[in-house]
Amino acid sequence: MDNLINKISEIESAASSVMDRLSQQKSDFAAEIKKQTADFDAQLEDETENELSRLRSQMEADIKEKLAKQKRDSEHELALLNDAYQSDHAALAAKLFAQMTKE
């Protein structure tokens, strides 16, 4: 009988030891998952920030290029208008004067 009680006590002790080990492994696994999640979140945040920065730079370059083109086009149009005025201003002034005095 004592032998049976000792065996049951040993089994209970072994089961308790196994449960304690499993509880520790569960805690370790949960901590590892939490660390991996935090690492993944940090990596994703860095990648997202890098992509946003790249897109922002690309958009700024595109805007600068479009503004430069618009400025060149405006300067060209202004030069054409200025040339037209310089070549025809006397005729335009005479025509305008004639229309104003006609009334």
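**Exercise 1.** In which helix does Asp41 lie?

*Solution.* Asp41 belongs to helix H1, residues 2-102. Helices here are DSSP runs of H or I with at least four residues, numbered from the N terminus. The model is predicted: local features need pLDDT of at least 70, side-chain atom pairs count only at pLDDT 80 or more, and totals for chains, interfaces and linings use all residues. Residues are numbered from 1 along each chain as its sequence is written, and side-chain values use heavy atoms, leaving out hydrogens and water.

**Exercise 2.** Find the salt bridges and place them on the helix.

*Solution.* Apply the criterion: a side-chain nitrogen of Lys or Arg within 4 Å of a carboxyl oxygen of Asp or Glu. The structure holds 3 salt bridges.

- Step 1. Lys35 pairs with Asp39, closest N and O atoms 2.9 Å apart. Both lie in helix H1, 4 residues apart, about one turn.
- Step 2. Arg54 pairs with Glu51 at 2.6 Å between the closest N and O atoms. About one helical turn separates Arg54 and Glu51, because they are 3 residues apart in helix H1.
- Step 3. Asp73 meets Lys69 at 2.9 Å, N to O. These two also lie in helix H1, 4 residues apart, about one turn.

**Exercise 3.** Classify Lys35, Asp39 and Asp41 as buried, partly exposed or exposed.

*Solution.* Set the classes: buried is under 20% relative accessible area, exposed over 50%, partly exposed in between (1.4 Å probe, protein chains only). Lys35 has 46%, so Lys35 is partly exposed. Asp39 has 42% and is partly exposed. Asp41, at 42%, is partly exposed.
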